[in-house]
Amino acid sequence: MKMKLFFYLLFPFLVACASTNQNPAGLDLMSQDDFKQTIENYSDRKQIYSGLYNVIDATATAMNSQTAKAQLDEMARIYQWDAAKYTTEKVKSDETLAKESEIFISFYTPERKHDDLHKNQTLWKIFLDANGKRYEGKAKKIKLLTQELKGVYPYHNQFSTPYSITFPVSMRSIENAPSELVITGPVGSAKFKFNAVQK
């Protein structure tokens, strides 16, 4: 009897857990393992020290055609999108990839006043080196809950600040070769290397 009662109490929990991993009807989405692997393939982490002190701890992801597809699929699974919603969001994603390059960065520095990538008078300069050219970036702080961001950037945490950095060059025009994000200033410098997209 106790075992039966335990099963009845546990069954709704198991169903709820299982349902979060199910694909919405009509959509053929990549698996969650493939999603995580794709984000990892196009991300880079840097920890920069001044003596014994950590001055920068950041992870960045290049928002190329592969990571965009992975995130679309994961969002579709999390929010149970139908085919029409998925198509609408894919069109938006494709338009962004054709227009500009975007890099997400989860950025931590122990001095709060140094965490100002998005400000006009920031301490930092941000560049993207791609195809032999250098582009200057513009950072924008992302105002979403940590848990929402962790859904598509599993490495993000509550101690770091999320930024979207955009550059005036089409991601589609540069993603087939390696590229490098450079964040530099009086506090320190970090270089994030991104792999070329594998078709």
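A salt bridge is counted here where a side-chain nitrogen of Lys or Arg lies within 4 Å of a carboxyl oxygen of Asp or Glu. The side chains of Arg 77 and Glu 74 meet this rule, with a distance of 2.8 Å from N to O. The structure is a predicted model, in which local features need pLDDT of at least 70 and side-chain atom pairs count only at pLDDT 80 or more, while totals for chains, interfaces and linings use all residues. Residues are numbered from 1 along each chain as its sequence is written, and side-chain values use heavy atoms, with hydrogens and water left out.

The chain as a whole provides the setting. Its secondary structure comes to six helices and nine strands; these are DSSP runs numbered from the N terminus, with helices (H or I) of at least four residues and strands (E) of at least two. Of the 199 residues, 42% count as buried, a term that means under 20% relative accessible area, whereas exposed means over 50% and partly exposed lies in between (1.4 Å probe, protein chains only). The accessible surface amounts to about 11,900 Å², and carbon and sulfur atoms account for 55% of that area. Such areas come from the Shrake-Rupley method with a 1.4 Å probe, and for residues only the protein chains shown count as cover. Contacts, defined as heavy atoms within 4.5 Å, often span long stretches of sequence: among those between residues at least 6 apart, 69% join residues at least 24 apart.

Ile 103 illustrates this packing. The residue belongs to strand 3 and is buried, with a relative accessible area of 1%. Beyond its neighbours within four places in sequence, Ile 103 is in contact with ten residues' worth of partners listed in part here, including Ala 60, Leu 128, Tyr 163, Phe 167 and Phe 194. Met 171 stands 68 residues from Ile 103 in sequence, yet the C-alpha atoms of the two are 9.9 Å apart in space.The charged pairs come next. Side chains of opposite charge can pair when their charged atoms come close. By the rule given at the outset, the count comes to eleven salt bridges. Arg 77 and Glu 74 are three residues apart in helix 3 (residues 65–79), and therefore are separated by about one helical turn. Both partners are shielded: Arg 77 is buried at a relative accessible area of 3%, and Glu 74 is buried at 5%.

Helix 4 (residues 83–99) carries a pair with the partners three residues apart, Glu 89 and Lys 92, again about one helical turn. Their closest N and O atoms are 3.5 Å apart. Glu 89 is buried, with a relative accessible area of 16%, whereas Lys 92 is partly exposed at 45%. Asp 94 and Lys 90 also lie in helix 4, four residues apart, about one turn of the helix, and their salt bridge has an N to O distance of 3.0 Å. Asp 94 is partly exposed at 26% relative accessibility, as is Lys 90 at 35%. Salt bridges that share partners join Lys 85, Glu 89 and Lys 92 into one network.

Finally, Arg 112, Lys 119, Lys 140, Lys 141 and Lys 143 form a positive surface patch. Patches are made of residues with over 30% relative accessible area and no salt bridge, with like charges joined within 9 Å and nonpolar side chains (Val, Leu, Ile, Met, Phe, Trp, Tyr) within 5 Å. Lys and Arg count as positive and Asp and Glu as negative, while His and the chain ends are not counted. The place of a charge is taken as NZ of Lys, CZ of Arg, CG of Asp or CD of Glu. Within this patch, Lys 119 lies in the loop between strand 3 (101–108) and strand 4 (125–130).
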